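Work through the exercises below with the sequence and the 3D structure at hand. Each task is followed by a worked solution.

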Amino acid sequence: MSATVYPPSMWTDDAIHSFTEDQPLEDHKQMEALIEEIKNIFQAMENGKISPSAYDTAWIARIPSIDNPYQPQFPQTLKWIVCNQLTDGSWGGESCYLSHDRLLITLSCVIALRIWKVEGTKVQKGIDFVNNQTSLLDERGYSNLPNGFVILFSSLLKEAHALRLGISYEIPFIKKMLETGEAQLKEIDIGVLYSLPTSLLFSLEGLQELIDWRKILSLCSKDGYMLVSMASTACVFMHTGDKKCLEFINSVVITCGDYVPCFYPSDLHDRLVAIETIEHLGIGRYFTKEIKNALDYVYRFWNIGGIGRGRNDTLANVNDTAMGFGILRLHGYDVSSEVLTIFGNEKGEFFSFADKTHREVEGMLSLYKCSQIAFPGETIMKEAKTFTESYLRNLRETNHSNALARDVTGCFAVDYELKYGFHRSLPRLQARSYIEGFWLADNILLAKTLYKLPYMNSCKYLELAKLDFNTVQSIHQKELQQVHKWWIDSGFRKLKFTRERHIEIYFVVAAGMFEPEYGDYRIAFTKVGCLLVVLDDLYDKYSSSDEIMLFNEAFNRWDLNISDHMSEHIKICFQGLYNTVSALAERAYKMQGRDMLEYFKRMWKVQLEAFTKEAEWSKHKYVPRWDEYINVSKVSGGFGITILTSIHLMREVITNNILLQIDESSKALNLVCLTTRLVNDTKTFKAERECGELASAIECYMKDNPDTSEEEALDNVYAIMKDGLIKLNEELFKCTQLPSCFQSVLLNSARLSQLLYMQTDAFNSSIQDKKDMVDTCLFQKIK
């Protein structure tokens with residue numbers, strides 16, 4: 001009988017034997033220091049921290065003293081403005097330049113200085129900057145302006161004109177801003193302003209001529225803060241004299257010293273971004289206590305109406321709400337997806353705020369990510385995923401120039417999330433991708449103006465992530481050498497009919513359960529996975545019915561002596577199975593304190609029966625009914641036996657209660673086995689049909705539904721698979737008592753198949769992009 005010719009391994013023995021480096025002791029010491037520094041950052045978060053905002057500081061500097069209206073109430077902010085003008089005459093951050101950002105900030109600062117008649121030279125330099133820059137802007141400068149910029153800038157231009165600052169109003173860009181600003185003001189429904197919090201309150205300083213200030217006061221937070229905007233709060237105080245507003249402003253100035261940020265506090269936002277960052281970078285395990293404390297803090301202020309950047313924000317935003325929802329759900333907190341409804345409309349569209357006026361990239365990305373952690377029946381999550389996926393794909397196709405939100409600089413994270421998503425993203429793959437695409441040192445965000453989060457702009461996160469990745473990779477390389485030696489010593493390389501895929505199998509388990517303490521788990525998973533590949537090929541393509549019967553008899557008697565009567569290739573397979581299972585059972589006994597051999601043998605008996613059944617189907621060209629096929633193929637796929645063997649080597653004693661939640665009778669493991677089988681079939685059924693193997697999920701579906709075309713059957717199989725992944729979410733994250741390490745085992749087992757069969761049968765063909773992933777995770781160090 002002719003054997004299928006599989007592509008050879010793309011990694012040589014020399015490459016695997018070349019792994020010799022251990023991480024230097026200095027690296028471990030540096031990691032310990034970095035871990036301590038990041039823990040200190042978490043402990044210091046309190047109200048959060050944001051970089052100085054020259055724009056908002058200028059608005060605070062305008063406030064006249066309550067004792068002497070001819071003097072500023074906060075002279076220190078005026079001095080800060082004087083001391084922070086840049087050499088080109090502008091104000092703003094030095095590390096990033098956006099023309100509209102600099103123009104808005106500079107005009108705000110110039111007006112504040114002129115109001116108090118100070119620093120005439122600096123005022124003139126600022127005016128010159130505005131005139132020079134606006135004269136350089138043509139019609140392209142009108143497009144892709146941030147939401148609210150036109151109204152704010154045109155309002156400042158009017159003030160500048162009243163103060164006779166010498167702005168050239170004949171410049172086309174200036175004229176366009178004034179005309180457009182007037183048009184936008186006419187479109188605003190002022191009545192909406194007083195009825196509920198909307199994003200318009202974020203820019204009150206641009207709407208002064210329209211507002212009834214006493215009505216607006218009712219929308220301030222209980223501590224006198226107007227919608228996470230220091231400029232809006234200053235404006236409310238100057239028009240109302242409200243004591244709470246003044247007390248709030250005063251507290252922020254005292255906290256910051258001589259400036260204010262664009263919004264304050266950012267306690268919820270900072271905590272969520274910190275958690276997401278360290279988890280994406282693969283270093284979350286060092287900060288379990290800090291993550292728990294931060295999530296408890298966020299959950300304390302969680303609201304079915306959504307959350308904002310700070311605990312007292314009166315306007316929820318989709319970015320913080322979706323980010324908070326996703327992280328809380330993944331960590332087992334009871335949160336309802338109904339929190340997202342305020343950001344959507346009846347057409348299935350989603351927006352950044354409840355007023356449904358505009359969208360920001362960062363918020364749509366957070367919504368897309370959280371929508372994939374859906375539970376069955378959550379219609380809002382399905383709508384959110386459909387809308388945001390379309391929105392983000394369109395953004396990439398049009399190369400959106402305003403993608404300046406966190407993790408969206410260069411649209412890196414959009415690319416990553418659209419390609420892999422939640423159910424194809426293995427932790428090591430994610431960590432490597434985020435480390436290499438994560439411009440943490442210059443992490444710039446955009447509100448009215450550009451700003452940074454100092455706690456998150458620390459290079460410490462990235463330094464630790466790189467050191468940790470290389471350290472873990474060194475551990476993985478040593479384990480891979482053990483697996484490689486086992487593969488050769490077992491004689492499997494002599495078998496010409498099977499696939500040499502131990503490196504790929506080790507990669508997918510190491511990319512999921514990467515933590516150093518799970519080394520025995522990874523090695524067991526890889527060995528069992530290799531045995532399954534070898535025996536699947538043996539039963540399926542390279543043995544007669546008599547040979548299968550002899551193999552099964554030898555296994556049932558668990559007798560190596562019977563192998564003396566076997567042909568050489570059958571003998572290699574049986575001895576490899578016997579020796580490996582026996583060794584794993586002995587190792588598991590040391591960890592679990594009970595004999596595991598009979599348990600392992602019982603699972604292998606069921607596994608071999610499934611292989612035998614499929615071999616019979618193939619021999620007789622039989623296509624079973626759907627239910628019959630699924631019951632057998634969920635077992636033959638091998639994830640059940642792989643998981644249930646390896647978890648007993650995780651250095652955690654598995655009680656009967658835990659085993660009931662994860663064994664072959666559990667819904668969670670059945671969903672893993674189902675989804676992995678279905679995604680496999682969607683990419684392999686045509687090739688297998690050409691080889692005479694007719695039983696597949698697609699063929700069986702068509703047999704049960706005779707009027708269904710192949711394309712329709714494929715669509716339905718995909719739908720069943722996606723539904724299974726959603727059900728798996730619920731089993732893993734909804735009020736489960738399953739320890740987190742076992743949740744990760746099940747989730748990452750489901751993910752690895754979704755990744756390998758994302759586009760083609762990458763397990764058999766080992767195509768280049770999968771080789772690249774293996775190389776970056778296991779072979780190439782980060783520099």
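**Exercise 1.** Is cysteine 691 buried or exposed? Then explain its lack of a disulfide partner.

Solution. The model is predicted. Begin with the surface: cysteine 691 has a relative accessible area of 54%. That value is over 50%, so cysteine 691 counts as exposed. Next, look for a partner: the closest cysteine sulfur belongs to cysteine 700 and lies 17 Å away. A disulfide needs sulfur atoms within 2.5 Å, so this pair is too far apart for a bond. Finally, widen the search to the whole structure, where zero disulfides are found. For contrast, cysteine 245 is buried, with a relative accessible area of 0%.

**Exercise 2.** Which residues touch the most other members of the largest nonpolar core?

Solution. Start with the core, which holds 271 residues. Within that core, Phe153, Ile167, Phe551, Trp604 and Ile647 touch the most other members. Helix α22, residues 519-541, gives the largest share, 13 residues. Now take one residue, phenylalanine 153: leaving out residues up to four places away in sequence, its contacts are Leu103, Leu104, Leu107, Phe173, Ile174 and Met177. As a general rule, nonpolar side chains in soluble globular proteins tend to be buried together.

**Exercise 3.** Describe the chain as a whole.

Solution. First count the elements: the chain has 34 helices and two strands. Then take the extent, about 105 × 65 × 50 Å for the C-alpha trace along its principal axes. Of the 783 residues, 60% count as buried. Last, the accessible surface is about 32000 Å², and carbon and sulfur atoms hold 50% of that surface.

Notes:
Residues numbered from 1 in each chain as written. Predicted model: local features only at pLDDT ≥ 70, side-chain atom pairs only at ≥ 80, totals over all residues. Heavy atoms only, no water. Core = buried A, V, L, I, M, F, W, Y, C linked by side-chain atoms within 4.5 Å. Buried < 20%, exposed > 50% of the residue type's maximum accessible area, 1.4 Å probe, protein only. Helix = DSSP H or I, 4+ residues; strand = E, 2+ residues; numbered from the N terminus. Contact = heavy atoms within 4.5 Å. Areas by Shrake-Rupley, 256 points an atom, 1.4 Å probe, with all protein chains shown as cover.
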